[in-house]
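User: I would like to learn how to read a model one feature at a time. Please give the general idea first, then the case at hand.

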Amino acid sequence: MAGQTWESKMPVKPKWEQLVDHLRSQIESGELGPGDQIPSTAQLREQHNVSTTVVRRAILVLQMQGVVEGVHGLGVFVADRDESAGS
């Protein structure tokens with residue numbers, strides 16, 4: 001155990017949280033702007049090598065935070081910054 005720090009024992013972030021961070025960084029950088037559609041579940045699964053459950057959880061978290069909005073039958077879109085600026 002000598003030489004190991006407490007930080008090196010910390011678990012890696014869950015995949016859904018990594019995906020949340022990735023999508024949020026794309027939005028904050030302007031790569032995805034208000035009204036832009038985010039990639040589909042299938043596209044995100046393939047791009048990030050994760051399960052449908054991981055993608056759905058990440059999207060749900062972003063929806064709860066007001067970062068994205070789901071439109072039934074159309075997809076998930078980046079929310080207007082004015083509406084999500086409350087945090």
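**A charged pair and its surroundings**

Analyst: Begin with a single residue: at 29% relative accessibility, Asp 21 counts as partly exposed. Keep in mind that this is a predicted model.

User: Which residue forms a salt bridge with Asp 21?

Analyst: The general idea is that side chains of opposite charge can pair when their charged atoms come close. In this case the partner of Asp 21 is Lys 13, and the closest N and O atoms are 2.4 Å apart. Because a salt bridge needs a side-chain nitrogen of Lys or Arg within 4 Å of a carboxyl oxygen of Asp or Glu, the pair qualifies. Lys 13 is partly exposed, at 41% relative accessibility. The count for the model comes to 1 salt bridge.

User: How many helices and strands does the protein have, and in what order do the elements run from the N terminus?

Analyst: There are 4 helices and 2 strands. From the N terminus on, the order is α-α-α-β-β-α.

User: Take helix H1. How far apart are its end C-alpha atoms, and what span should its residues give?

Analyst: The idea is to compare an expected length with the one in the model. Helix H1 covers residues 15-29, and at 1.5 Å a residue its 15 residues should span 21 Å. The end C-alpha atoms are 21 Å apart, so the two values agree.

User: Which residues of H1 are buried?

Analyst: Buried means under 20% relative accessible area. In H1 the buried residues are Trp 16, Leu 19, Val 20, Leu 23, Gln 26 and Ile 27. They cover an arc of only 130 degrees around the axis, which means that they lie on the same side of H1. The face turned away from this buried side carries Glu 28 and Ser 29, which are exposed.

User: Gln 26 is in that list. What is its relative accessible area, and which residues does it touch beyond four places away in sequence?

Analyst: Gln 26, a residue of helix H1, has a relative accessible area of 14% and is therefore buried. Leaving out residues up to four places away in sequence, Gln 26 touches Glu 31 and Leu 32.

User: Where does a positive phi appear close to these elements?

Analyst: Look at the backbone angle and then at the residue type. Just after H1, Gly 30 takes a positive phi of about 90 degrees. Asn 49 also has a positive phi, of about 55 degrees, although it is not a glycine. Asn 49 sits in the loop between helix H2 (41-48) and helix H3 (52-64). With 64% relative accessibility, Asn 49 counts as exposed.

User: How do strands E1 and E2 run with respect to each other, and how many bridges join them?

Analyst: For a strand pair, read the direction, then the partners, then the turn. Strand E1 (residues 68-71) and strand E2 (residues 75-78) run antiparallel and are joined by 4 bridges. Val 68 has Val 78 in E2 as its bridge partner, and Gly 70 has Val 76 in E2. The hairpin has 3 residues between the strands, and in it Gly 73 takes a positive phi near 85 degrees.

User: How far apart in space are Arg 57 and Lys 15, and how far apart are Ala 42 and Val 55?

Analyst: Set the separation in sequence beside the distance in space. Arg 57 and Lys 15 are 42 residues apart in sequence, and their C-alpha atoms are 9.7 Å apart. Arg 57 belongs to helix H3 and is partly exposed, with a relative accessible area of 46%. Ala 42 and Val 55 are 13 residues apart in sequence and 8.8 Å apart in space, C-alpha to C-alpha. Ala 42 is in helix H2 and is partly exposed, with a relative accessible area of 46%.

User: What do the totals for the protein show?

Analyst: Of its 87 residues, 26% count as buried. Among contacts between residues at least 6 apart in sequence, 54% join residues at least 24 apart. The accessible surface comes to about 6,200 Å², and 51% of that belongs to carbon and sulfur atoms.

Note on methods: Residues are numbered from 1 along each chain as its sequence is written. This is a predicted model: local features need pLDDT of at least 70, side-chain atom pairs count only at pLDDT 80 or more; totals for chains, interfaces and linings use all residues. Side-chain values use heavy atoms; hydrogens and water are left out. Buried means under 20% relative accessible area, exposed over 50%, partly exposed in between (1.4 Å probe, protein chains only). The expected span of a helix is 1.5 Å times one less than its number of residues. The arc is that of the directions from the helix axis to the C-beta atoms. Contact means heavy atoms within 4.5 Å. Accessible areas come from the Shrake-Rupley method with a 1.4 Å probe; for residues, only the protein chains shown count as cover. Two strands pair if DSSP finds at least two bridges between them.
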